[in-house]
Amino acid sequence: MLKKLQSQVISIVLISGIALALAGSAYYWGLPLLEKTQKNVELESANQFMENLAKAIEEVAVTGNSKVIEYDLKGELRINNGDPLSFENYIEYRVEAPLPYYATLSYVPLNDYPPYKKRIYVMTTAKPMVIVEECNKPLATCQATMDCTNKKVSFDIGCEVTGDKYDGDKIVCSKDTFTVNTYTCNEYDFAYLEGSKKYAYAGIEGKNKPVVIMVRTYPYPTKEKYLNSYMIIPREIDNPTTYDGVIYKIIGKGKVVAKNEKVKILISRGESTIKPGESQRGGDLSIINIEVTVQ
């Protein structure tokens, strides 16, 4: 069942990524060659930087040996010292670009299955109406209808919230909170609802990565620039025999926010704690602190 759900998530993000790449190709080839080359180099460098950082975190967690990475930031690096069990613990690197390089619907995993899933409802010109199960009233069905001409999504009387909603509006239902996105109407003729609730997917020891690199493109309101967001997110890894799990907790130190500067990043292993019976499969959960000091 887990494998089937993971496949569905991968399908959604891959389809959206492919569609976005096709839509952006015409604009891309209209850019000056020098600008394209420079931005390609910057994004490839950002991708490699995050891969090296993720590998260093994994190595330090296993061996206990410290690692140092030096990098010249071309954007903003931020460490969020939140709860890894709710995916609020991450390292994010944001880089501007003149066009959308990645999917805008959701974060796309680059190195493994995503650590969580969000509910996303997509409305197109061919299928402008969707049933939003999380917002159904008792004994009624919630139907959301896209109107790309007026850039709005309308919710009928079967929904917990009704009426017309516009880009950025929040739809609060008993099971989730959705954001209305209509900015895609202009160029791509579709709108979508994105839930905020994250449904966790624990990985399997020996098969999945303990830290996942995710990426997403955010358009600026003017559409003249785009923001590519790379994130390193810890995920629980479970032993398939004992059901015991392990998850890393990133502890940001020094400059938890750094922008457009050369930085030295020291990665070291901190203390560990065990939570009996709190892995996703019912075994013990070990939390390993990984200290990331940005100088």
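Let me begin with a definition: a residue is called buried when its relative accessible area is under 20%, exposed when the value is over 50%, and partly exposed in between. With that in hand, and bearing in mind that what we are looking at is a predicted model, Lys118 counts as partly exposed, because its relative accessible area is 26%.

I will stay with Lys118 for a moment, since this residue takes us into the salt bridges, of which the structure holds 15. Lys118 pairs with Glu194, and the closest N and O atoms of the two are 3.6 Å apart. Glu194 belongs to strand β13, residues 190-195, whereas Lys118 sits in the loop between β5 (116-117) and β6 (120-124), so this salt bridge ties together parts that are 76 residues apart in sequence. The acidic partner, Glu194, is buried, at a relative accessible area of 11%, while Lys118, as I said, is partly exposed at 26%. The pair is also part of a network of salt bridges that links Lys118, Glu194 and Arg216.

Another salt bridge joins Lys152 to Asp164, with 3.1 Å between the closest N and O atoms. Here both partners lie in strands, Lys152 in β9 (residues 152-155) and Asp164 in β10 (residues 163-166), so the bridge ties together parts that are 12 residues apart in sequence. In this pair the lysine, Lys152, counts as buried at 16% relative accessibility, and the aspartate, Asp164, counts as partly exposed at 37%.

The next salt bridge I would like to show is formed by the side chains of Asp238 and Arg281, at 2.8 Å from N to O. Asp238 is in strand β18, residues 237-238, and Arg281 is in the loop between β21 (262-275) and β22 (285-294), which makes this a link between distant parts of the chain, 43 residues apart. Asp238 has a relative accessibility of 0% and counts as buried, whereas Arg281, at 29%, counts as partly exposed.

Let me now turn to the cysteines. How many disulfides does the structure hold? There are three disulfides, and with the bonded cysteines counted along the chain, they follow the pattern 1-5, 2-4, 3-6.

Take Cys135 and Cys173, whose sulfur atoms are 2.0 Å apart in their disulfide. Cys135 is in the loop between β7 (129-131) and β8 (143-147), and Cys173 in the loop between β11 (170-172) and β12 (177-181), so the bond ties together parts that are 38 residues apart in sequence. The torsion about the S-S bond of this pair is about 95 degrees, so the disulfide is right-handed. Cys135 is buried at 1%, and Cys173 likewise counts as buried, at 7% relative accessibility.

Cys142 is joined to Cys159, with 2.1 Å from S to S. Cys142 is in the loop between β7 and β8 and Cys159 in the loop between β9 and β10, 17 residues apart. This disulfide is right-handed, because the torsion about its S-S bond is about 90 degrees.

Finally, Cys148 and Cys185 are joined by a disulfide with an S to S distance of 2.0 Å. Is this link left-handed or right-handed? At -80 degrees about the S-S bond, the link of Cys148 and Cys185 is left-handed. Cys148 lies in the loop between β8 and β9, and Cys185 in helix α3 (residues 185-188), so the pair ties together parts that are 37 residues apart in sequence. Cys148 counts as buried at 17% relative accessibility, and Cys185 is buried as well, with a relative accessible area of 5%.

Definitions and conventions. Residues numbered from 1 in each chain as written. Predicted model: local features only at pLDDT ≥ 70, side-chain atom pairs only at ≥ 80, totals over all residues. Heavy atoms only, no water. Salt bridge = Lys/Arg side-chain N within 4 Å of Asp/Glu carboxyl O. Helix = DSSP H or I, 4+ residues; strand = E, 2+ residues; numbered from the N terminus. Buried < 20%, exposed > 50% of the residue type's maximum accessible area, 1.4 Å probe, protein only. Disulfide = S-S within 2.5 Å.
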